[in-house]
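Reader: Hello! I am new to this structure and would enjoy a close look at a single part of it. Could you pick one residue, start from its side chain, and then show me what lies around it?

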Amino acid sequence: MGPSSAIQRRKNTTNSRPSASSSHSQPSDPTEFCPERWFETNSEVEVLSKEEGFIGSYFAARVVANMGDNYVVEYKELLEDDERTLYKETVMAHEVRPPHPNKTLPSSPSGSSANNQKFGFGGLVDAYDNDGWWTGVVTGEKGGFCAVFFETTSEHFAYPATHLRPHLDWKKGMWFPGKNRRRFLHGNPNFSEAMTEVILYEKIEQSK
């Protein structure tokens, strides 16, 4: 399951999320920097999902309540079933991080904070789709579009380059760039350069 089909399942399964255990209340090393527990009410954050079908997805949110091991968050883009009310849920503290430095949501294929960012083969990126950012690997670029392969689901889609941002990991209060996945692509039986060409061609034709 990837960005094209996962959102509704997320809403249907969040009530069964495991609650945080007491082991999360303190870091194993008392001197370790744990910024995920420092977010105050109304802080802007991103929520990383580690549920099956959502691994590698990030959703912009606002902290509604800090409960120690957990946060209550209100998503900026996800809506309740009434399609009017912003969706709220309780998430574990280690799933919450600051907003990505490039936090502006793309409004159209020609407008995004990514601007003229170039993404090379094997580059790790986040693609904006279905109200969230999904981590994938760039497999090709043509005509202002990039093909992105999602490792967890073996799905392959093309996006406007303006809908991508460099993938960054948040660790101990610092941002770290994602490692290039070129070697992974060459060794993955579900990836082919021919498929990259096909999905880029189809996307370009659809945009005309």
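Author: Happy to! Let us begin with a pair of side chains: those of H156 and T139 make a polar contact, at 2.8 Å. Please keep in mind that this is a predicted model, so every value here is computed from predicted positions.

Where does H156 sit? Its place is in strand β9, which covers residues 155-160. H156 has a relative accessible area of 13%, and because the cut-off for buried is under 20%, H156 counts as buried.

T139 is one of several partners. If you set aside the neighbours within four places in sequence, H156 is in contact with T139, A147, V148, F149, F191, S192, M195, T196 and I199. You may like to find these in the viewer in groups: A147, V148 and F149 come one after another in the list, and further along you meet F191, S192, M195, T196 and I199.

Now take one step along the strand. F157 also belongs to β9. Is F157 buried or partly exposed? With a relative accessibility of 26%, F157 is partly exposed, whereas H156 is buried. F157 also lets us compare sequence with space: A127 is 30 residues away from F157 in sequence, while their C-alpha atoms lie 9.7 Å apart.

Stepping back to the other side of the strand's start, we reach S154, in the loop between β8 and β9. S154 is partly exposed, at 32% relative accessible area. Its phi is positive, about 60 degrees, although S154 is not a glycine. Why point this out? Most residues other than glycine have a negative phi. D131 is another case, with a positive phi of about 70 degrees, and D131 is not a glycine either. You will find D131 in the loop between β6 and β7, and D131 is partly exposed too, with 31% relative accessibility.

Next, let us look at the nonpolar cores. The largest one has 26 residues, and Y71, V73, Y75, V91 and L164 are those with the most contacts inside it. Two or more residues come from each of β1 (44-49), β2 (57-66), β3 (70-79), β4 (86-92), β6 (124-129), β7 (132-142) and β8 (145-150). Of these, β3 gives the most, with 4 residues. Domain 1 (43-97) and domain 2 (123-206) both contribute residues, so this core lies between them. Another core, of 6 residues, lies apart from it, and its members include F145, A158, I199 and I204. One name there should be familiar: I199 is also among the contacts of H156.

There is a pocket to visit as well. The second largest pocket has a volume of about 280 Å³. Its lining has 13 residues, and I55, G56, T135, T152 and H167 are the closest to its centre. The elements that give two or more residues to this lining are β1 and β7.

Finally, here is the setting for all of this. The protein has 3 helices and 12 strands. Of its 208 residues, 45% count as buried, and H156 is one of the buried residues. Among contacts with a separation of 6 or more, 60% are between residues 24 or more positions apart. To finish where we started, turn the view back to β9 and find H156 there, with T139 at the other end of the polar contact.

Note on methods: Residues numbered from 1 in each chain as written. Predicted model: local features only at pLDDT ≥ 70, side-chain atom pairs only at ≥ 80, totals over all residues. Heavy atoms only, no water. Buried < 20%, exposed > 50% of the residue type's maximum accessible area, 1.4 Å probe, protein only. Polar contact = N/O pair within 3.5 Å; in protein donor to acceptor, adjacent residues only side chain to side chain. Contact = heavy atoms within 4.5 Å. Core = buried A, V, L, I, M, F, W, Y, C linked by side-chain atoms within 4.5 Å. Domains from an automatic or database assignment. 1 Å grid on protein atoms, 1.4 Å probe; cavity = no way out; pocket = protein on both sides within 12 Å on 5 of 7 lines; lining within 4 Å. Points joined across faces, edges and corners; volume = space filled by probe spheres on them.
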